[in-house]
Amino acid sequence: MELFCCSSAAAAAAAITPTYLLPFKPLSSTSLSFSNPPTLRLNNKRLFTTSHNKLSLSSRQFSLLHPASPRILTSTAAAASPSSTDLDNGVDPLPADIDVKETQEPNSRIRLSVQVPPVVCEDCYKSVINEFMKQAKVPGFRPGKKVPESILVSFVGKDSVQKATIESILKRTLPHVMSSVTGRALKDSIRIVTKFSDMEKTYSSLKSLRYEVIVDVAPEVRWVPKDAYKNLKIVVEIDSDIDAQTAFEQELRHRHKSLSSLRIAIDRGLQIGDVAVFDISATTTDQDGSGPQNIPSAETKGFQFDTEDGERILPGFLDSITGIQRGETKSFTLVFPESWKQENLRGVQAQFTVECKELFHRVFPELDDSIADKLLPGCTTIEQVKESLLQRCLEMERTAKEQATDNVILDQLRKMVEVDVPQSLFEEQGRQLYGAKLLEIQASMKINEQQLASLSSPKAVNEFLDKNKDNITDIIKQRLAVGDIFKRENLEVQTEELVKEVENSIAEFKNHKQEYDEERVQEQVQDVLEGAKVLEWLREHAEIQYKTG
């Protein structure tokens, strides 16, 4: 039965929902692609891979004030090793310097043009030959015995040796290349844009190597005007339904109603407070000459209707049926409002026919101490019930006002900053939002593996990113603004608080038997706590005016 729309209380709840949701560990594989790529790893992370568009979802959700801050490439992470025996604590030294030219590009991206001299390439070639010498089992030669280079190359294959050499060159030089952007580069944004086949041609003809790397760097946050967040003036509209006194009265009424019993109403019509059972049908009225058509979503039989829910139904419906008696049928015309949930019914004029099958009135127990424990377990008097419920509603009102205030603050922040959003940051944030959407779909309905695969396909993900580009960009601007304020105002998160929240989060993962990355969990919790500190600081320093709607 689709006569009901969202209540104003539900609308208020939606209005104060935290702006951000971080549902799962962000996609964290470095995207470096080539045709027929070799396997190259940087600190045990694969660098050359095919494009990652599939989503890996976790059912564990974080409700955050803002998502994780951009992860910066550190000097440790930038260091790569040429083999499993490499040094883990530094960059592998080279026999000569490599030439790296840095070019700034739009969207906080840097292009690094790399020229590797022949002497470095030769050194890498020798390392590859030595490695093959140790591992290759060449017929006619005992293990460990030195094999002439020409025979070894012939046995392994010239093409394979060349590919391995280029891989070794990249593996040893890339950490030196990235050292120029350490502290600025965003993790997992590194991409080698030169085709592997082009590198093979260069190396084959010149015995040197040229390649280009693009990397996203932490964007600069520019406040317009300068330090705008320090003079924040906002107006927060609060829905009347989250008023503590109103919510308290509604909650007490709801609990009291749950203890009532229904009695058949005799010799009278429907009144406010009654419960009725209706058979309802509806058709569109013949306004365009097409003839009336049934409205299936507005038709139902045996529909139990509580008149105290009158504000949640189609405007005019309750007034039209007031006074109807058991066995009576009423017909009337109503127009669906433009704000109606179903778009195809907005503005549609409909003819309703309602037959009253049953009519009941409620009989309430006396609101006294005898029912106190039934209204709220643990209470012995009605006064205790009222005091406890009112305190709960006051806390809910306080939380609702804070959340509503935070949302307005965050909306203002995004308008005050200018940011060149890196593509990798955009895609990560977009995938997080899309992951949250998939989780909602999975929670609300059953979908099979084929449907999930379709929803997780590159096409579906990219369509979502395109359609929600502005929204995703705004969220990133908000989170970067929050992070910038945290640094500017020298705010701090206490270690004990961080440890406690991390332990709670990990315990929840374990309780749900979900896999997790402890380092990533700590990063996310750190960001949540930092966001909370910033919003608390802004609430204290902003000029805030509240209006009740």
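For two helices, an axis is a line fitted to the C-alpha atoms over the stretch in contact, and the angle between two axes runs from 0 to 180 degrees between N-to-C directions. Keep that idea at hand as you work through this predicted model.

**Exercise 1. Describe how helices α10 and α14 meet, and decide how they are oriented.**

Step 1. Start with the general idea: two packed helices are described by the angle between their axes and the distance between the axes.

Step 2. Look up both values. The axes of α10 (residues 382–416) and α14 come within 8 Å and cross at roughly 95 degrees.

Step 3. Classify the angle. Angles of 65 to 115 degrees count as roughly perpendicular, so α10 is roughly perpendicular to α14.

Step 4. Find the residues that touch. From α10 come Leu 410, Asp 411, Leu 413 and Arg 414, and they meet Asp 474, Lys 477, Gln 478, Ala 481, Val 482 and Ile 485 of α14.

Step 5. Sort them by class. The residues of this contact of α10 with α14 comprise five nonpolar, one polar and four charged.

Step 6. Take a look at α14 itself. Helix α14 covers residues 469–488, 20 residues in total, and spans 28 Å from first C-alpha to last, close to the 28 Å expected at 1.5 Å a residue. Just after α14, Asn 490 has a positive phi of about 55 degrees.

**Exercise 2. Apply the same method to helices α11 and α13.**

Step 1. The axes of α11 (residues 423–444) and α13 (residues 458–467) come within 10 Å, crossing at roughly 110 degrees.

Step 2. This angle makes α11 roughly perpendicular to α13.

Step 3. On the α11 side, the contact residues are Phe 426, Glu 427, Gly 430, Arg 431, Leu 433, Tyr 434 and Lys 437; on the α13 side they are Ala 460, Val 461, Phe 464 and Leu 465.

Step 4. By class, the contact of α11 with α13 has seven nonpolar, one polar and three charged residues.

**Exercise 3. Work out the layout of the sheet that contains β3, β4, β5 and β6.**

Step 1. Write down the order. The four strands form an open sheet, β3-β4-β6-β5, with antiparallel pairing.

Step 2. Find the edges. β3 (99–105) and β5 (191–192) each have a single partner strand, so one side of each is left without a neighbour in the sheet.

Step 3. See what packs on the sheet. Helix α5 (residues 158–178) touches β3, β4, β5 and β6 (209–216), and its direction makes about 45 degrees with that of β6.

Step 4. Go through the pairs one by one.

- β3 and β4 (residues 109–116) are joined by seven bridges, and Glu 105 has Arg 109 in β4 as its bridge partner.
- β4 and β6 are joined by eight bridges, and Leu 112 has Val 213 in β6 as its bridge partner.
- β5 and β6 pair over two bridges, and Arg 191 stands opposite Ile 214 in β6.

Step 5. Ask how enclosed β6 is. Six of its eight residues are buried, so β6 is largely enclosed by the rest of the structure.

**Exercise 4. Is Lys 207 buried or exposed, and how does Lys 513 turn out?**

Step 1. Locate Lys 207. This residue lies in the loop between α6 (196–206) and β6, and its phi is near 60 degrees, a positive value in a residue other than glycine.

Step 2. Judge its accessibility. With a relative accessible area of 44%, Lys 207 is partly exposed, because that class lies between the 20% and 50% cut-offs.

Step 3. Turn to Lys 513. This lysine lies in the loop between α15 (495–511) and α16 (518–541), with a positive phi of about 55 degrees although it is not a glycine.

Step 4. Lys 513 has a relative accessible area of 78%, so it counts as exposed.

**Exercise 5. Which residues does His 361 touch, leaving out those up to four places away in sequence?**

Step 1. Find His 361 in strand β13 (residues 349–363). At 25% relative accessibility, His 361 is partly exposed.

Step 2. List the contacts: Ser 261, Leu 262, Arg 263, Ile 264, Ala 265, Arg 268 and Asp 274.

Step 3. Compare sequence with space. His 361 and Arg 263 are 98 residues apart in sequence, while their C-alpha atoms are 5.4 Å apart.

Notes:
Residues are numbered from 1 along each chain as its sequence is written. This is a predicted model: local features need pLDDT of at least 70, side-chain atom pairs count only at pLDDT 80 or more; totals for chains, interfaces and linings use all residues. Side-chain values use heavy atoms; hydrogens and water are left out. Two strands pair if DSSP finds at least two bridges between them. Contact means heavy atoms within 4.5 Å. The expected span of a helix is 1.5 Å times one less than its number of residues. Angles under 35 degrees count as roughly parallel, over 145 as roughly antiparallel, 65 to 115 as roughly perpendicular and the rest as oblique. Ala, Val, Leu, Ile, Met, Phe, Trp, Tyr, Cys and Pro count as nonpolar, Asp, Glu, Lys and Arg as charged, and the others, Gly among them, as polar. Buried means under 20% relative accessible area, exposed over 50%, partly exposed in between (1.4 Å probe, protein chains only).
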